[in-house]
Amino acid sequence: MRVVDLDRDMSDVIPTGMSPDSEFLFDRMTEATLHATCAGAGRLVLDVASGVGQDSVALARDGATVIGAEPSARMTEMAKMFSAEHVAEGESGPEWVSGWADALPFAADAFDASFCKGAMDHFDDPESAIAEMARVTKRDGRVVLAIANFDSLACRVTRAIDAIREDWLGWPPLRGRRGYDTPSDHFTRYELALMKEQAARSLEIETVLGVSIGWGMPGWATLACRLPRPIAFGLLRGLDALARRFPTLADVVVIVGRPRPSEHALTRAA
Ligand SMILES: C[S@@+](CC[C@H](N)C(=O)[O-])C[C@H]1O[C@@H](n2cnc3c(N)ncnc32)[C@H](O)[C@@H]1O
């Protein structure tokens, strides 16, 4: 049996009340990821660890043929409900398939694009998952990985503030789980160098895109809530532009690559 929590919800990751900084981060991460798949009518796209299915549904509604692969029956049930609510009559919804990321139940070269958003750090074997995504994606297709950066500027600043408060001043911790500590259901603590190293084994990396800066920093959500909305979003967009230039500081990194020829050669030889 695999030691993977498939009954999780996302309450310790996604704040229940959406402050502008969270709203911006999640929307921008989704937009950057889905855009990078170049999905559209006539394209076959794989959503790996599709969760509750909102991204698969969005791409299907835009005309792509989408398969969401997910090992959790609970998540897949939620995805089916989400799809039933959001896909209108006459529109085609995604197909849901049960599958682990490191053993995808598809033939080589089957998809025009594959993507995995916000899930790589939940995988017990992420490198095999990337190799599998490369295998099932056409040589000229795209593999897109969106991963939270636990060495973002926000993580570094928050860690430094906590060290001053707790180690120097002896004050008690400000909060329960710290944003820079990996949650209990994560296997890997990703930072940019590790993401690139793992991706480069199976992909020819084309783009490394940083998304958002500052998420989770003490006081940042409160400030973003208090500022007039246009000013808050102007600030968030400015920081996002900085994240694009310096992905090492970003809250989330989106890596886009093409499958390495060796992945395909190996698969065909097998
Ligand atoms: C945080 S959710 C992300 C879901 C979705 N991609 C999104 O952006 O909302 C992580 C998902 O990874 C799935 N998961 C965990 N381990 C997995 C594995 N080894 N292979 C495939 N999916 C896995 C979980 O069941 C869960 O649905």
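Ala-49 sits in the loop between S1 and helix H2 (54-61). In this predicted model, the phi of Ala-49 is near 60°, a positive value in a residue other than glycine. Most residues other than glycine have a negative phi. Ala-49 is buried, because its relative accessible area of 18% falls under the 20% cut-off.

Cys-38 also has a positive phi, about 55°, although it is not a glycine. Cys-38 belongs to the loop between H1 and strand S1 (44-48). Is Cys-38 buried or partly exposed? At 38% relative accessibility, Cys-38 counts as partly exposed.

**The chain overall**

The protein chain has 9 helices and 7 strands. Of its 270 residues, 47% count as buried. Consider contacts in the chain with a separation of 6 or more: residues 24 or more positions apart account for 78% of them.

**H1 against H8**

Helix H1 covers residues 20-36, and helix H8 covers residues 229-245. The two pack at an angle of about 45°, with their axes 10 Å apart. H1 and H8 are therefore oblique to each other, since the angle lies outside the ranges for roughly parallel, roughly perpendicular and roughly antiparallel. Their crossing is right-handed.

Which residues make the contact? From H1 come Pro-20, Asp-21, Glu-23, Phe-24 and Arg-28. From H8 come Arg-229, Phe-233, Leu-236, Arg-237, Asp-240 and Arg-244. By class, the contact of H1 with H8 has 4 nonpolar, no polar and 7 charged residues.

One salt bridge joins the side chains of Arg-229 and Glu-23, at 2.7 Å from N to O. Arg-229 lies in H8 and Glu-23 in H1, so the pair ties together parts that are 206 residues apart in sequence. Both partners are among the residues of the H1 and H8 contact. Arg-229 is partly exposed, at 46% relative accessibility. Glu-23 is partly exposed too, with a relative accessible area of 24%.

A second bridge stays within H8. The side chains of Arg-244 and Asp-240 meet at 3.0 Å, N to O. These two residues are 4 apart in H8, about one turn of the helix. How do their accessibilities read? Arg-244 counts as partly exposed at 40%, whereas Asp-240 counts as buried at 3%. Salt bridges that share partners join Arg-28, Glu-31, Asp-240 and Arg-244 into one network. Of these, Arg-28 is on the H1 side of the contact, and Asp-240 and Arg-244 are on the H8 side.

**H4 against H6**

Helix H4 (residues 126-136) packs on helix H6 (residues 192-202) at an angle of about 40°. Their axes are 8 Å apart. H4 and H6 are therefore oblique to each other, and their crossing is right-handed.

In H4, the residues in contact are Pro-126, Glu-127, Ile-130, Ala-131 and Ala-134. They meet Gln-198, Ala-199, Arg-201 and Ser-202 in H6. How do these residues divide by class? There are 5 nonpolar, 2 polar and 2 charged residues in the contact of H4 with H6.

Arg-201, one of the H6 residues in that contact, also takes part in a salt bridge. Its side chain meets that of Glu-197 at 2.8 Å, N to O. Arg-201 and Glu-197 are 4 residues apart in H6, so they are separated by about one helical turn. Arg-201 counts as partly exposed at 44% relative accessibility. Glu-197 is likewise partly exposed, at 44%.

**Salt bridges side by side**

How many salt bridges does the count give? It comes to 16. The table includes three of them.

| Salt bridge | N to O distance | Location |
|---|---|---|
| Arg-229 and Glu-23 | 2.7 Å | H8 and H1 |
| Arg-201 and Glu-197 | 2.8 Å | H6 |
| Arg-244 and Asp-240 | 3.0 Å | H8 |

Terms used:
Residues are numbered from 1 along each chain as its sequence is written. This is a predicted model: local features need pLDDT of at least 70, side-chain atom pairs count only at pLDDT 80 or more; totals for chains, interfaces and linings use all residues. Side-chain values use heavy atoms; hydrogens and water are left out. Axes are lines fitted to C-alpha atoms, for helices over the stretch in contact, and angles run from 0 to 180 degrees between N-to-C directions. Angles under 35 degrees count as roughly parallel, over 145 as roughly antiparallel, 65 to 115 as roughly perpendicular and the rest as oblique. A crossing is left-handed if the near helix is turned anticlockwise from the far one by less than a right angle, and right-handed if clockwise. Contact means heavy atoms within 4.5 Å. Ala, Val, Leu, Ile, Met, Phe, Trp, Tyr, Cys and Pro count as nonpolar, Asp, Glu, Lys and Arg as charged, and the others, Gly among them, as polar. A salt bridge is a side-chain nitrogen of Lys or Arg within 4 Å of a carboxyl oxygen of Asp or Glu. Buried means under 20% relative accessible area, exposed over 50%, partly exposed in between (1.4 Å probe, protein chains only).
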